[in-house]
Amino acid sequence: MARQELNYWLTTIEFPTTDQARPLPDIADVAVIGAGFTGLSAARTLSKHGARVAILESETIGWGASSRNGGMVLTGLKLGVSQLKSKYGPELTRRMYAASLASIDCVEQIVNQERIDCDFSRCGHLEVACKQKHFDDYQRQAEIIEVEFNHKLRVVPRSELNLEIGSSIYFGGMVDETSAGCNPARYVAGLARAAMNSGAEIYEHTRVHSIERDSRNGEPGWKISTSRGPLWAHEVFVGTSGYTGTVTPNLQKKIIPIGSFIITTEILPKALAHELSPHGRMIYDSKNYLYYYRLTPDGRMLFGGRAAFFPENDHTIRRSADLLRRGMTYVYPQLRDARVEYVWGGTLDFAFDIMPHAGQIDGMYYAVGYAGHGVAMATYQGQKIGEMMAGDKPENPFIGIPFPGAPLGLYNGKPWFLPLAGAWYKVLDWVS
Ligand SMILES: Cc1cc2nc3c(=O)[nH]c(=O)nc-3n(C[C@H](O)[C@H](O)[C@H](O)COP(=O)(O)OP(=O)(O)OC[C@H]3O[C@@H](n4cnc5c(N)ncnc54)[C@H](O)[C@@H]3O)c2cc1C
C-alpha cells in the first residue's frame, strides 16, 4: 500500500522550465498571482491582448490543485438547479448553466488551439445515486435542465446501470455526455507553455509577501513585494484558490480551504477496467461527503474523496489512503486485491455559498470558489476576467453576485470549524 504522498499525474509529465536566475522586471502591466488554471488562463488571454504579464508562483507551475485533481471537466455547478433558481431567479440561473457548458468548450478550444497533449476526451460524466430519493430527484432535474436550459441528460434506472458501471451498490444514475476528462498535470503544463508562448513570463519560487497601492509617475498601480524582490504593476490578478493567504486578507476570509484526496491503483487488466467503467466516464456519487472516480488513460482506477476535511499533510494523506481504499473496495469489491500505487492530496476552494465568484476585491481582480468544478470553471474564469481586464465586455454571470463571508463574521481565514463541517456533512448524508 502506497503511504508516501506521490501524485500519479506528475509521473506522466515534464513541466516547462523557467529561468530561475532571471530577475523580476521592474514593471508589468499585470501581475498574476498563482500559476494554476486560473492564473495561467488569465495570463494567456492578457498576453494575447498585448499586455506585459508577470506570473508570480510561490512554488512551481501547477503546484496547487491544478496538478492534483481528478481531471474531470464537468458541466453544471456544485449547487443543483432548483437551489440556483430559488437564489438567483430563472434568467441568471440560465446564464450560469450556459456558462458551465461554455466552460467545457473553453477548455477544449484551448487544448486544440495550443495543441496540448493531455488526453482530453468528451467521455461524459455519470452521477450515481446513493439513495432511492436521490435517484427520484434525477428525473426531475433532467426535465428542468432539458426544458429550461435545452441540455439533455440521460437518467439510467438501476436495472440498466450495469451498462455504465461495474458496481451494484447504487440506485440508478444520470449521464451527461458533454463532460470530459483529461490529464490535469499535462493540461496545466500545456497552459503554462501557451501563456509563455504568447509572451507571459512565469516566475517560479516567487512568493508574494505583500501588495500595496502605489502610484508611479502619476499612474495608479500596485507595489508587490516578493521573495525575489519588488515589482510594480498597473493591475493585479489573484488566482490563488484554496491556497489564498494573508496577502489578500479580505479574499482569504471568504474562502474555505478544504482537503481532498486521491488514491490510484496499479494498471488493471483490460477486461477488469472495462467492467468497472465500460465507457470510461468521470463518475461521482450523490453524497455531500462524496466519492469521485475514473479510469486513467493507462487503465488505473483513480479514486478520490473528501476523506478528511483538513488540507493535505502527512497525517491526512495517510489516513485518507486507508479510508479511500475502504471506500473503493466498497464500491468495487473486484478491486480487493488491486495494489494502490499512488496517494496524494490537495486543497479545494469553497466559498460560503458554494458558488464561483469573480470580479474585483480591494481594487484587485480575482476568480475563486470553484468547489470541485475548477478544471473547466477556473480556465473559463481566467479567460473571462482576462478579457475584462483587457477592456472587453465578456458574458460572465458570476460577476457581481453577492459574495458572502462567514455568518456573523466568525472567520479570520483559519478554518477552525472544519471538523464541525465534516461532521455536519456526515449527518446530512445520513438524513438526506
Ligand atoms: C484532490 C483534488 C481533486 C479535484 N478534482 C477535480 C476534478 O476532478 N474536476 C474539477 O473540475 N476540479 C477538481 N478539483 C478542483 C480544481 O483542481 C481546482 O478548482 C483548480 O485547480 C483551481 O485552480 P487555480 O488555478 O484557481 O488554483 P491552484 O491550482 O490551487 O493554484 C493556486 C496557486 O497559487 C499559488 N499561491 C498561493 N499564494 C501565493 C502567494 N502568496 N504568492 C505566489 N503564489 C501563491 C499556489 O502555490 C498555487 O500554485 C480538485 C481539487 C483537488 C485538490
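The 432-residue chain, examined here as a predicted model, has a radius of gyration of 21 Å, which agrees with the value near 22 Å for a compact globule of that length; the radius is taken over C-alpha atoms, and the globule rule is 2.2 Å times the number of residues to the power 0.38. Along its principal axes the C-alpha trace spans about 70 × 45 × 45 Å. Of the 432 residues, 57% are buried, where buried means under 20% relative accessible area, exposed over 50% and partly exposed in between, with a 1.4 Å probe and protein chains only. Among contacts with a separation of 6 or more, 75% join residues 24 or more positions apart, a contact being defined by heavy atoms within 4.5 Å. About 18000 Å² of the chain is exposed, and carbon and sulfur atoms supply 52% of this area, as computed by the Shrake-Rupley method with a 1.4 Å probe.

The chain contains 9 helices and 18 strands, assigned as DSSP runs (helices H or I, at least four residues; strands E, at least two) and numbered from the N terminus. Strand β15, residues 301-305, is mostly covered, with 5 of its 5 residues buried. In a regular strand the side chains alternate between the two faces of the sheet. In β15, Met 301, Phe 303 and Gly 305 point one way, whereas Leu 302 and Gly 304 point the other way.

Strand β15 runs antiparallel to β12 (residues 255-265), to which it is joined by 4 bridges, and also antiparallel to β14 (residues 291-295), to which it is joined by 5 bridges; pairing requires that DSSP finds at least two bridges between two strands. On the β12 side, Ile 262 has Gly 304 as its bridge partner, while on the β14 side Leu 295 stands opposite Met 301. The hairpin of β14 and β15 has 5 residues between the strands, and within this hairpin Gly 299 takes a positive phi near 90°.

Positive phi values also occur in residues other than glycine. Arg 115, with phi near 50°, is placed in the loop between α2 (81-113) and β4 (125-128), and this arginine is exposed because its relative accessible area is 75%. Ile 354, with a positive phi of about 60°, lies in the loop between β16 (340-351) and β17 (357-361).

Residues are numbered from 1 along each chain as its sequence is written, and side-chain values use heavy atoms, with hydrogens and water left out. Local features need pLDDT of at least 70 and side-chain atom pairs count only at pLDDT 80 or more, whereas totals for chains, interfaces and linings use all residues.
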